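Q: Could you take me through the pockets of this protein in some detail? I'd like to know what lines them and which parts of the chain are involved.

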Amino acid sequence: MEIRVLRYFLEIAREGNMTHAAQRLHVSQPTLSRQMKDLEHELGKKLFRRSNTSIHLTDEGMLLRKRAEDILEMVDKTTDEFKALDAIIGGDVKIGCAESYLIGHLARIIKDFRKTYPGLRFHLTSGNTEQVSERLDRGLLDLAVIVEPPNLSKYNYIEMPGVDTWGLVMLKTHPLAKKETITIDDLKGVDIICSIQGLKYDISKWCGEKLDEMNIIGTFNLCYNGSVFVKEGLGCMLTFDKLVNIDSDSSLCFRPLYPRLEAKMYIIWKKYQVFTPIAELLVEELIEKLSH
């Protein structure tokens, strides 16, 4: 299976049309069609459902699309890494980030770092701890910022200064907005939205067996999307402080949980990982600035 053919396949998948894909790839349509037939023969599976006007992926085609995207992302990352070996003037660093206001520490360090290495290009991928860790394990990221304590058998890490504070985001008109703090008993009968990771780890520890009494009506991956649902009156959201824009003009407010619930953030990378020169310098900078 050739890398070039995988790129052809992805272009057809994106365009949904063989003619348009051939034009974008600057190859003839018969050549492109023959390449795809050879690919189907190699895999022993039909990848496309063809109609008069468009092409759709079969279930096998959808699987190949996901795998091809991962493979080509790794190929491109490897190519960039070898290009960066010649001189340490810049290069790409890929970072997976869980949501936290503590990311500001990372942003400030990278801002100062780029004064010395203006050729540094950073690429941020947002997701929960499980998602960014999985991409780190597959070699698609150089670093990850996670909420949970890291697995010390797999990762090196730096602990971020400060903590995230859990609380409830709700409409200012909600009855609980009158309270200074929110207890587990306050949440009885309240429609709750929370991240799956938060429910599994922090919130379950905070409320113990009473978690089963909470009325969880939805989950989210990114806090901003959850806050939009709260603004529309779809319940209240358990999340970290400072992730939702709450000011005098906002219809939302935040109240911390009681007993107080806090979370630490960690920057992690794989043990024995071989970095590009620019990534290694950035890691050294992070260790120097955050380990004191």
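A: Here's a walk through the two largest pockets, with a short look at two other spots afterwards. Keep in mind that this is a predicted model.

Let's start with the largest pocket, which holds about 480 Å³ of space. It has 29 lining residues, and the ones closest to its centre are Val-147, Trp-166, Gln-197, Gly-198 and Phe-240. If you want to find the walls on the structure, look for helix 6 (129–137), helix 7 (196–207), strand 10 (236–240) and strand 12 (262–263), the elements that each give two or more residues to this lining. Helix 7 gives the most, with six residues. What kinds of residues are they? Sorted by class, the lining of the largest pocket has 14 nonpolar, nine polar and six charged residues.

Now for the second largest pocket, with about 240 Å³ of space. Here 15 residues make up the lining, and closest to the centre you'll find Thr-129, Glu-130, Glu-148, Gln-197 and Tyr-201. Did you spot Gln-197 in there? That residue is also listed among those closest to the centre of the largest pocket. For the second largest pocket, the elements giving two or more residues to the lining are helix 6 and helix 7. Once again helix 7 gives the most, this time with four residues. By class, this lining splits into seven nonpolar, five polar and three charged residues.

With the pockets covered, let's look at Leu-143, which sits in strand 5 (residues 143–146). Is Leu-143 buried or exposed? Its relative accessible area is 2%, and buried means under 20%, so Leu-143 counts as buried. Setting aside neighbours within four places in sequence, Leu-143 is in contact with Lys-94, Ile-95, Gly-96, Leu-136, Ile-267, Ile-268, Trp-269, Phe-275, Val-283 and Leu-286. Take Leu-286 from that list: Leu-143 and Leu-286 are 143 residues apart in sequence, yet their C-alpha atoms are 11 Å apart in space.

Last stop: Ser-54, in the loop between strand 1 (48–50) and strand 2 (55–57). The Ser-54 side chain makes a polar contact with the side chain of His-56, at 3.2 Å. Leaving out neighbours within four places in sequence, Ser-54 is in contact with Gly-16 and Arg-49.

Note on methods. Residues numbered from 1 in each chain as written. Predicted model: local features only at pLDDT ≥ 70, side-chain atom pairs only at ≥ 80, totals over all residues. Heavy atoms only, no water. 1 Å grid on protein atoms, 1.4 Å probe; cavity = no way out; pocket = protein on both sides within 12 Å on 5 of 7 lines; lining within 4 Å. Points joined across faces, edges and corners; volume = space filled by probe spheres on them. Nonpolar A, V, L, I, M, F, W, Y, C, P; charged D, E, K, R; others polar. Polar contact = N/O pair within 3.5 Å; in protein donor to acceptor, adjacent residues only side chain to side chain. Contact = heavy atoms within 4.5 Å. Buried < 20%, exposed > 50% of the residue type's maximum accessible area, 1.4 Å probe, protein only.
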